[in-house]
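This briefing introduces one protein model to a first-year reader. Please keep the structure in view while reading the points that follow.

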Amino acid sequence: MTFPPQYAIIKKNKLVVTISITPQEEEEMDMNEKPKLSGVPETMLQTVYARAKETKTRGAIKDTKAVEIIDKINYDFSLADKDSAMHSGVVARTIVLDKLANKYLAKNKGAVVVNIACGLDTRCYRMNGYSHWYNLDLPETIAVREKLLPESGEISQIAMSAMDDWSGEITEHDAPAIVIIEGLTMYLSEKDVKEIFDVINKRFEHVTVLVETMSPTMVKRMKEKSIEGSKAKFTWGVKDGKELAKLIPNFRHIEDHSLAEGMADFIPIFKLLKKIKPVSNISNKIVVMEK
């Protein structure tokens with residue numbers, strides 16, 4: 001699939017329009033338009049806003065880069081402000097993934113990190129110990145990221161679909177490797193998920209994967225208020241890591257971490273709820289897989 005040129009227009013240090021256009025259309029643009037994104041890429045604005053808001057209020061996480069980004073964007077976040085479930089979920093998975101990624105990098109100095117469907121994720125600025133961090137997402141998403149988070153050196157951007165063969169973009173060969181897949185699989189199909197793991201399998205002889213999954217029950221029943229106006233819909237889920245392992249035979253299941261574990265850091269009742277199996281079963285999980 002090919003995409004038209006992407007432009008992010010900056011006006012008074014605020015990102016006021018992000019839209020796919022041809023050079024001929026550039027002169028006709030309305031400079032006062034807000035970011036025009038739809039579907040999954042639009043969700044990146046909601047998640048970075050949740051991290052920024054949490055940083056500036058309760059402080060269960062500290063993401064100063066997210067605050068910097070939100071300060072540059074002219075966008076209506078009123079729906080996100082009303083969506084407490086989305087906010088708590090983003091904060092919880094940030095806590096769980098940060099702990100797991102930090103643990104891996106502490107044991108595997110100089111590791112290569114591939115962050116699939118990165119959006120405006122800022123984890124690479126909170127982590128230490130890696131040799132190269134690759135942020136991968138759709139071309140239209142990377143076009144926005146390049147304006148807000150210009151990256152080079154040990155942090156690289158890859159403008160490709162997660163299902164494309166991006167293996168040739170990773171230049172390191174012998175370093176330990178970890179792949180992070182956050183907030184993506186629930187918007188895909190089983191075939192898509194298998195294709196992503198096929199690329200990972202092709203590229204790495206040994207690799208750890210941290211992948212967020214949603215239960216089939218929640219896929220059917222859950223709606224996030226903040227993305228109702230977009231085309232993003234939950235479409236796929238899996239019961240747990242053991243079930244996921246049946247779909248990707250070259251990988252073995254290590255463990256599951258319910259997002260209820262992250263909730264427990266800022267909502268005390270979850271210290272008890274996370275131990276209740278029905279709660280952990282319906283909660284999104286960070287599944288740890290290895291090859």
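Two strands are said to pair if DSSP finds at least two bridges between them. In this predicted model, R252 stands opposite E290 in strand 9. The points below describe the sheet to which strand 9 belongs, then one residue of strand 8, and finally the nonpolar cores.

**The sheet**

- An open sheet is built from 7 strands in the order 5-4-3-6-7-9-8, and its pairing is mixed.
- Strand 5 (155-159) and strand 8 stand at the edges with a single partner strand each, so one side of each has no neighbour in the sheet.
- On average, neighbouring strands of this sheet are turned by 20 degrees against each other, direction ignored.
- Helix 5 (residues 139-148) packs on the sheet and touches strand 4 and strand 5, and its direction makes about 145 degrees with that of strand 5.
- Helix 6 also packs on the sheet, where it touches strand 3, strand 6 and strand 7; the direction of helix 6 makes about 165 degrees with that of strand 6.

**Strand 9 and its partners**

- Strand 9 is joined to strand 8 by 6 bridges, and the two run antiparallel.
- D256 has V287 of strand 9 as its bridge partner.
- Strand 7 also pairs with strand 9 in the antiparallel sense, over 6 bridges.
- E212 has I286 of strand 9 as its bridge partner.
- Strand 9 is largely enclosed by the rest of the structure, because 5 of its 6 residues are buried.

**Residue S258**

- S258 is found in strand 8, which covers residues 252-258.
- Is S258 buried or exposed? Its relative accessible area is 7%, which is under the 20% limit, so S258 is buried.
- Leaving out residues up to four places away in sequence, S258 touches V96, S280, S283, N284 and K285.
- A polar atom of the S258 side chain lies 3.0 Å from the backbone nitrogen of A260.

**The nonpolar cores**

- The largest nonpolar core has 32 residues, of which I116, W166, I181, I200 and V209 touch the most other members.
- Several elements each supply at least two residues of this core, including strand 3 (111-116), strand 7 (208-213) and helix 8 (241-247).
- Helix 6 provides the largest share of this core, 5 residues.
- Beyond its neighbours within four places in sequence, I116 is in contact with residues including L136, W166, I181 and I200.
- Another core, of 28 residues, lies apart from the largest one, and among its members are I61, A92, L97 and L105.

How values were computed:
Residues numbered from 1 in each chain as written. Predicted model: local features only at pLDDT ≥ 70, side-chain atom pairs only at ≥ 80, totals over all residues. Heavy atoms only, no water. Helix = DSSP H or I, 4+ residues; strand = E, 2+ residues; numbered from the N terminus. Buried < 20%, exposed > 50% of the residue type's maximum accessible area, 1.4 Å probe, protein only. Polar contact = N/O pair within 3.5 Å; in protein donor to acceptor, adjacent residues only side chain to side chain. Contact = heavy atoms within 4.5 Å. Core = buried A, V, L, I, M, F, W, Y, C linked by side-chain atoms within 4.5 Å. Axes fitted to C-alpha atoms, helices over the stretch in contact; angles between N-to-C directions.
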